[in-house]
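Here are a few exercises to work through with the structure open beside you. Try each task before you read its solution.

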Amino acid sequence: MRPPVLRALLWGGVIAGPLFVAAFVIEGATRAGYDALRHPVSSLALGEYGWTQDLNFIVAGLLTLGFAVALWRELRGGGSGTAGQVRRGATWGPILIGVWAVHLITVGFFVTDPVSGYPRGTPDRLTGYATTHGAIHDLAAIPGFLCLGAAFLVFAVRFARQRAFGRAAYSVITFVVFVTAFMLANAAFGQTEGLVRYGGLFQRIAVVTGWLWLTLLAAHRISGKVGNTLRALGWRRDRGRRTAVPRVERMKWIGKTTAVGLAAAMVLTGALPVFAAPDTERGQVVSVTRLGTLSARQVAAALKGDQGGAWDTRKVRYGVETYRVVYRTVDASGRRTTASGLVALPRNGERRLRAVSFTHGTELFKGDAPSTTKEVWGRAPALTYASAGMAAVAPDYLGLGKGPGPHPWMDVPSETTASLDMLRAARRFASESGRQLRREVLVTGFSQGASAALGLARALQTGTDPWFRLGAVAPVSGAYAFRDTELPALLKGRTDTKAGVIYAALTFVAFNRLHHLYDSPSEVFRAPYDRRMEKLLDGSHTGLEVVKGTPNTIDALLTPRGRAALAHPTGRLADALRVVDGVCAWKPKAPIRLYVAKGDEQAVSANSPRCRAMLRAHGATAPLVDLGTPEYGGSRHLGSQQAATAALVRWFTSLP
């Protein structure tokens, strides 16, 4: 009769394998960016929820260590057969299994380094160990796997001596499969061409095959010494005599056992896509591309060297790493789509980072969005905030950057969802990189992005996302009163003439895509622009091409009907503009400032007082911050973004 403690330890050997495998199957199926076919089980210990895999390693290791101790006691305590037969493998078998167990506990405390591109944004292979933990992890894994493989052979010899040929053969086959899969996995994680994408599969075959053998061994020790177990494994009792099962039956049993083992490994591995949640969650990361790494000096040099005008670099403290993140979101109609954006992280060693969401101004060309532009202008705010120690998150919006389809210009609802989902994606990416974005988000945006910023701020305040909250909001030079202030200024020539032409064209083309304002472009555009405007504003043409392809005056662009529609909006256009002009109709509970430049030639300065008045009507106090008359490339509107960025980085870094 076994002592209860010994029996419990043996049951631990039965439970350890299935528990370990089930845990990593579930983790791998629900972890963003993780590919079970490509990435090792150990990589699940990286990121925000990596502790679950650490715990999985440790629990499995402790259960297996207990089983090894019980096995030592059982095997060295005697059993059926001669004393010599019983003691063969009784020492080294449990010791080798014990080393496997200690290895599991060790890797649970020492996390692996990234490999094969997980977490996203990390290289496929590090040139050296990034951390001491990673080095210890790999050092522990080598004897762990080797000793488990050796245990298969030790027990194969023991079983053969006991004339349990079925178990002996199964142990040898397990050894061959285990070692072969282990070697292929190592080659794949070493980035061997042709094997890289299957490294996780090979490792899972090795791991599940090994655990299956250990589970069956433990189950056999519990089930009994002879009787049913011996008969199942190749022997039976016939009238008091032990008689060998015919070779054909033994071979059938060996084949079945091997098939069951391999099938279990393959089914558990192949089941991952079945159990995985559909990759359609908003904010789910689709891909990450590392764009560059800059030292603090290089950041300052880039900002100072902008041909349009030097940016303020007094708050540059750290180097910056920049990434393009493609993520899942919804389009203006609520259908699933993808969008992209820029994430800039400081190289300051801080794990918890305050996030700044920056929503950019109007861009006509997909390639001019923050994550795809080569110009300093589009990246400068993100570089400024990140080099000051914050995580900068800059969505490209729908249809810009790497996003499919046309861009729904000035559609605040879709700008809000794209910006919020970009924050979610940035948080996921940051956690996979060992960083965490704090709950309070500092929200800012310029021009078109000023309205988007207010839309995002309102969504954060109302708890649209369970994690993020509004920390502060500071829109810059927005067209907050588009119908009653901006459009009249365009039509009366109080804005830059060419900018007015382009904004008028965008209003019709972009809004028509969503709200069906006309049946034919000729209803609102004069010839020849009626045949070219929709294509010219499809995002595939550069700003210079758009400037060259449009007339110099609004009267040359619009038909009388088109002009009248902008002067006195009705119907669908009026409804759409009502949404645009509602961005200030709420009460922010977080600090808010409105930044404005005198004599803005695009978003006329009168927009900001109108926004402040609307905020005040809802009980909020929003001071206007006068930026003076800054210029960037001869534009006061663009200059306001540059001046505001310098002021905002000082304000944001001063907030508690």
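**Exercise 1. Describe the second largest cavity in this predicted model.**

Start with the volume: the second largest cavity holds about 110 Å³ of space. Next, look at its walls. There are 14 lining residues, and Trp409, Ser447, Gln448, Ala479 and Tyr503 are the closest to the centre. Then ask which elements give two or more residues to this lining: they are helix H14 (448-461) and helix H15 (482-491). Finally, sort the lining by class, which gives six nonpolar residues, seven polar and one charged.

**Exercise 2. Do likewise for the largest cavity, and find how many cavities there are in the whole structure.**

A search of the whole structure turns up seven cavities of 30 Å³ or more. The largest cavity has about 130 Å³ of space. Of its 15 lining residues, Glu363, Leu364, His407, Leu506 and Leu537 lie closest to the centre. Helix H16 provides the largest share of this lining, with three residues. By class, you should arrive at nine nonpolar, three polar and three charged residues.

**Exercise 3. Map the largest pocket.**

Begin again with volume: about 1,000 Å³ lies in the largest pocket. Its lining has 37 residues, with Thr362, Glu363, Trp377, Gly543 and Leu638 closest to the centre. Now trace the helices: H12 (376-387), H16 (497-515), H18 (543-549) and H23 (636-654) each supply at least two lining residues. The class count comes to 15 nonpolar, 15 polar and seven charged. As a last step, compare the lists: Glu363 is among the residues closest to the centre of the pocket and also among those closest to the centre of the largest cavity.

**Exercise 4. Find which helix gives the most to the largest nonpolar core, and follow one of its tryptophans.**

This core has 53 residues, and Phe20, Phe24, Ile97, Phe155, Trp211, Trp213 and Leu217 touch the most other members. Helices H1 (4-30), H2 (51-76), H4 (92-109), H5 (132-161), H6 (165-189) and H7 (199-223) each supply at least two residues. H7 gives the most, with twelve. Now take Trp211: leaving out residues up to four places away in sequence, it touches Ala16, Gly17, Phe20, Val21, Ala60, Thr64, Trp100 and Leu104. A second, separate core has 46 residues, including Val288, Ala355, Leu423 and Ala457.

**Exercise 5. Locate two stretches where pLDDT stays under 50.**

For the chain, pLDDT averages 88, and 87% of residues score at least 70. One stretch under 50 is residues 225-243, with 32 contacts beyond four places in sequence. Another is residues 269-280, with 15 such contacts.

Terms used:
Residues numbered from 1 in each chain as written. Predicted model: local features only at pLDDT ≥ 70, side-chain atom pairs only at ≥ 80, totals over all residues. Heavy atoms only, no water. Core = buried A, V, L, I, M, F, W, Y, C linked by side-chain atoms within 4.5 Å. Buried < 20%, exposed > 50% of the residue type's maximum accessible area, 1.4 Å probe, protein only. Helix = DSSP H or I, 4+ residues; strand = E, 2+ residues; numbered from the N terminus. Contact = heavy atoms within 4.5 Å. 1 Å grid on protein atoms, 1.4 Å probe; cavity = no way out; pocket = protein on both sides within 12 Å on 5 of 7 lines; lining within 4 Å. Points joined across faces, edges and corners; volume = space filled by probe spheres on them. Nonpolar A, V, L, I, M, F, W, Y, C, P; charged D, E, K, R; others polar. pLDDT = per-residue confidence, 0-100.
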